[in-house]
Amino acid sequence: MLGYVWQYVYTSFLRYWLKWLLRQVTGKCELQRICSRCKPGATRTTKAEYSLRSSKSKLLRGALDSSKDNIEICVDQIMKEKKVKPQKDPLFKQSLHTCVLQITGYGCLYTSVEDLRKEVFSSDNAEHEAMLLKLWDLLMPTVKLESRLTKQWGDIGFQGDDPKTDFRGMGLLGLINLVFFSANHTEEARQVLSHANHPKLGYSYAIVGINLTEMAYSLLKSGALKPHFYNTVQGPPELQHFHQLYCYLAYEFDKFWVLEEPESIMHFNQYREKFHNVVKTQLQDPDVSLTMAVHSKN
């Protein structure tokens, strides 16, 4: 209870006067102090985001909703309102511009990911079907698919004769992630598939992959992935960066599963949650960077 009271008093009264005092002492506004004191990446951008969101200025709060094309104008307006002179702080404009690009880009990325998640896989869509068949060819290059509806799909971890039923939860997003991993990290994807087909430690490769897509989606939606993207993308994060994050999860979960040696697939949820907690702990590190330490085709 006392914590909530203190938070209210600080954000409503003390923070304003503290900012004013520091401005008088340093000659710099809060955003200038953040950009000059904090190194580029999550530490700087997270603090800048909090400063903008907590501001009493409608202009500063509005920066969080700026379109990519209007960010430069928005930064100029912030500098004018805060009376920041470029000649006295020549690095500030570019630093703030990068922060706002990352902040607004994260929101746009979520919108793009959500659109793919909502797009239903359709057997009548030639592009959807082509992606599905490409997944098979990438993972099973020496085995010909006998027909579109076949139990062979179980060899790469689908549940029935027709994989489309497995994409209901994550829509097209689940398939795109599976294909992206297989296309850009083919050797690693096939290695993971071989582990998934182990007679004792095996798991359903595709189903687990779709489940990990849900994990990545949930982390993105909650904002937990901000430190990762703010550290690894010096601009607005895009769909390819989300797909790369999925690749990390798929590759690392496989290593985690093999190391843990579960008694059976029946314990999947338990180990999935344990892995989820490991990832969330990593994301609390301001210097976090969840990238695959393997060779990529790109």
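Which residues of α10 are buried? The exercises below use a predicted model.

**Exercise 1. Describe helix α10 and list its buried residues.**

Step 1. Locate the helix. α10 covers residues 205-222, which is 18 residues.

Step 2. Check its length. From the first C-alpha to the last, α10 reaches 26 Å, close to the 26 Å expected at 1.5 Å a residue.

Step 3. Read off the burial. The buried residues in α10 are Tyr205, Ala206, Val208, Gly209, Ile210, Leu212, Thr213, Met215, Ala216, Tyr217, Leu219 and Leu220.

Step 4. Look past the end of the helix. Gly223 follows α10, and its phi is positive, near 90°.

**Exercise 2. Characterise the packing of α6 against α10.**

Step 1. Choose the descriptors. Two packed helices are described by the angle between their axes and the distance between the axes.

Step 2. Apply them. Helix α6 spans residues 92-118, and its axis comes within 10 Å of the axis of α10. The two axes cross at roughly 145°.

Step 3. Assign the handedness. The crossing of α6 past α10 is left-handed.

Step 4. Name the residues that meet. α6 contributes Tyr106, Leu109, Tyr110, Val113, Glu114 and Arg117, while α10 contributes Tyr217, Leu219, Leu220 and Lys221.

Step 5. Sort them by type. The contact of α6 with α10 is made up of seven nonpolar residues, three charged residues and no polar ones.

**Exercise 3. Determine the surroundings of His128.**

Step 1. Place the residue. His128 belongs to helix α7, residues 126-139.

Step 2. Decide whether His128 is buried or exposed. The relative accessible area of His128 is 4%. Buried means under 20%, so His128 is buried.

Step 3. Find the polar partners of its side chain. One is the side chain of Glu119, in a polar contact at 3.1 Å. The side chain of His128 also reaches the backbone nitrogen of Ser122, at 3.1 Å.

Step 4. Complete the list of contacts. With neighbours within four places in sequence left aside, His128 is in contact with Glu119, Val120, Phe121, Ser122, Leu172 and Leu175. Glu119 and Ser122 thus appear in this list as well as in the previous step.

**Exercise 4. Find what Val279 touches.**

Step 1. Place the residue. Val279 sits in helix α13, which runs over 268-282.

Step 2. Classify it. Val279 has a relative accessible area of 0% and is therefore buried.

Step 3. List the contacts. Not counting residues up to four places away in sequence, Val279 touches Leu219, Leu249 and Leu290.

Step 4. Compare sequence and space for one partner. Leu219 is 60 residues from Val279 in sequence, and their C-alpha atoms are 9.5 Å apart. Leu219 is also among the α10 residues that meet α6.

**Exercise 5. Examine two loop residues with positive phi, Lys83 and Glu261.**

Step 1. Take Lys83. This residue lies in the loop between α5 (71-81) and α6. Its phi is near 55°, a positive value in a residue other than glycine.

Step 2. Classify Lys83. Exposed means over 50% relative accessible area, so Lys83, at 67%, counts as exposed.

Step 3. Take Glu261. The loop between α12 (239-260) and α13 holds this residue. Phi of Glu261 is near 50°, again a positive value in a residue other than glycine.

Step 4. Classify Glu261. Its relative accessible area is 55%, so Glu261 is exposed.

Step 5. Add a spatial relation. Glu261 and Lys200 are 61 residues apart along the chain, and 9.0 Å separates their C-alpha atoms.

**Exercise 6. Classify Ser194.**

Step 1. Place the residue. Ser194 is in helix α9, residues 186-196.

Step 2. Apply the cut-offs. Partly exposed lies between 20% and 50%, so Ser194, at 44%, is partly exposed.

Step 3. Relate it to Ile156. Ser194 and Ile156 are 38 residues apart in sequence, with 9.3 Å from C-alpha to C-alpha.

**Exercise 7. Summarise the chain and the burial of α2.**

Step 1. Count the elements. The chain has 13 helices and zero strands.

Step 2. State the overall burial. Of the 298 residues in the chain, 46% are buried.

Step 3. Assess the contact range. Among contacts between residues at least 6 apart in sequence, 64% join residues at least 24 apart.

Step 4. Turn to α2, residues 30-37. Six of its eight residues are buried, namely Glu30, Leu31, Gln32, Arg33, Ile34 and Cys35.

Definitions and conventions
Residues numbered from 1 in each chain as written. Predicted model: local features only at pLDDT ≥ 70, side-chain atom pairs only at ≥ 80, totals over all residues. Heavy atoms only, no water. Helix = DSSP H or I, 4+ residues; strand = E, 2+ residues; numbered from the N terminus. Buried < 20%, exposed > 50% of the residue type's maximum accessible area, 1.4 Å probe, protein only. Polar contact = N/O pair within 3.5 Å; in protein donor to acceptor, adjacent residues only side chain to side chain. Contact = heavy atoms within 4.5 Å. Expected span 1.5 Å × (residues − 1). Axes fitted to C-alpha atoms, helices over the stretch in contact; angles between N-to-C directions. Left-handed = near helix turned anticlockwise from the far one by under 90°. Nonpolar A, V, L, I, M, F, W, Y, C, P; charged D, E, K, R; others polar.
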